[in-house]
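Me: I would like to go through this model with you and ask, for each label, what it rests on.

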Amino acid sequence: LLAAFNGADAARLGVPVAEGVRLSGVVPELGAAAAGLTQDDVIVAIDDRPTPDVVALRNAIQSRQVGD
């Protein structure tokens with residue numbers, strides 16, 4: 001479950017970044033949980049490619065194969 005992330009979120013969560021995608025929840029049986037991601041984690045990049053918003057994150061994920 002993905003959520004937009006901004007400076008106000010960063011201040012609330014004590015995260016030192018101002019843009020990215022916050023995980024508003026993680027389904028235990030799916031890949032994010034298996035990778036160790038948890039609720040309120042913030043994804044800021046994949047393979048050094050910034051993910052400033054949900055669209056960028058989805059595009060980065062869709063361009064990969066399972067296991068990458």
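**Labels and their grounds**

Reply: A good place to begin is the pocket: by class, the lining of the largest pocket holds 14 nonpolar, four polar and three charged residues. Please keep in mind throughout that this is a predicted model.

Me: How many residues line the largest pocket, and which lie nearest its centre?

Reply: The lining of the largest pocket comprises 21 residues, and those nearest the centre are G31, A32, L37, I43 and I61. Two or more lining residues come from each of α2 (31-34) and α3 (54-62). The volume of this pocket is about 600 Å³.

Me: What makes G31 a polar residue and A32 a nonpolar one in such a count by class?

Reply: The classes go by residue type: Ala is on the nonpolar list, whereas Gly is counted among the polar residues, and therefore A32 is nonpolar and G31 polar.

Me: Why is R22 called buried, partly exposed or exposed?

Reply: R22 has a relative accessible area of 15%, and because buried means under 20%, R22 is called buried. R22 is found in strand β2. Not counting residues up to four places away in sequence, R22 touches L1, L2, A3, A4, F5, R12, L13, D40, D41 and V42.

Me: Which label does D40, one of those residues touched by R22, receive for its accessibility?

Reply: The relative accessibility of D40 is 28%, and since the partly exposed class lies between 20% and 50%, D40 counts as partly exposed. D40 is placed in the loop between α2 and β3.

Me: What makes the backbone of D40 worth a remark?

Reply: D40 has a positive phi of about 75 degrees although it is not a glycine. Most residues other than glycine have a negative phi. D47 is a further case, with a positive phi near 50 degrees in a residue other than glycine.

Me: Where is D47, and is D47 buried or exposed?

Reply: D47 sits in the loop between β4 and β5. Its relative accessible area is 60%, and because exposed means over 50%, D47 is called exposed.

Me: How do you know that β1 and β2 pair, and in which sense?

Reply: Strand β1 (residues 2-5) and strand β2 (residues 20-23) are joined by four bridges, and because pairing requires at least two bridges, the two strands count as paired, in the antiparallel sense. Within this pairing, L2 has L23 in β2 as its bridge partner.

Me: How many bridges join β2 to β3?

Reply: Two bridges join β2 to strand β3 (residues 42-43), with the strands running antiparallel, and this satisfies the requirement of at least two bridges. In β3, I43 stands opposite V21.

Me: Why do β1 and β3 stand at the edges of the sheet?

Reply: The three strands form an open, antiparallel sheet in the order β1-β2-β3. β1 and β3 each have a single partner strand, so one side of each is left without a neighbour in the sheet.

Me: What makes up the largest nonpolar core?

Reply: This core has seven residues, namely V21, L23, I43, I46, V54, L57 and A60. A core of this kind is a set of buried residues of listed types, joined through side-chain atoms within 4.5 Å, and therefore V21, as a member, must itself be under 20% relative accessible area. Two or more core residues come from each of β2 and α3, and α3 gives the largest share, three residues. Leaving aside neighbours within four places in sequence, V54 is in contact with L2, A3, A4 and V21.

Me: Which accessibility labels do R49 and V44 carry?

Reply: R49 has a relative accessible area of 42% and V44 has a relative accessibility of 38%; because partly exposed lies between the limits of 20% and 50%, R49 is partly exposed, and V44 is partly exposed. R49 belongs to strand β5 (residues 49-50), whereas V44 lies in the loop between β3 and β4 (45-46). Beyond neighbours within four places in sequence, R49 is in contact with V44, A60, S63 and R64.

Note on methods. Residues numbered from 1 in each chain as written. Predicted model: local features only at pLDDT ≥ 70, side-chain atom pairs only at ≥ 80, totals over all residues. Heavy atoms only, no water. 1 Å grid on protein atoms, 1.4 Å probe; cavity = no way out; pocket = protein on both sides within 12 Å on 5 of 7 lines; lining within 4 Å. Points joined across faces, edges and corners; volume = space filled by probe spheres on them. Buried < 20%, exposed > 50% of the residue type's maximum accessible area, 1.4 Å probe, protein only. Contact = heavy atoms within 4.5 Å.
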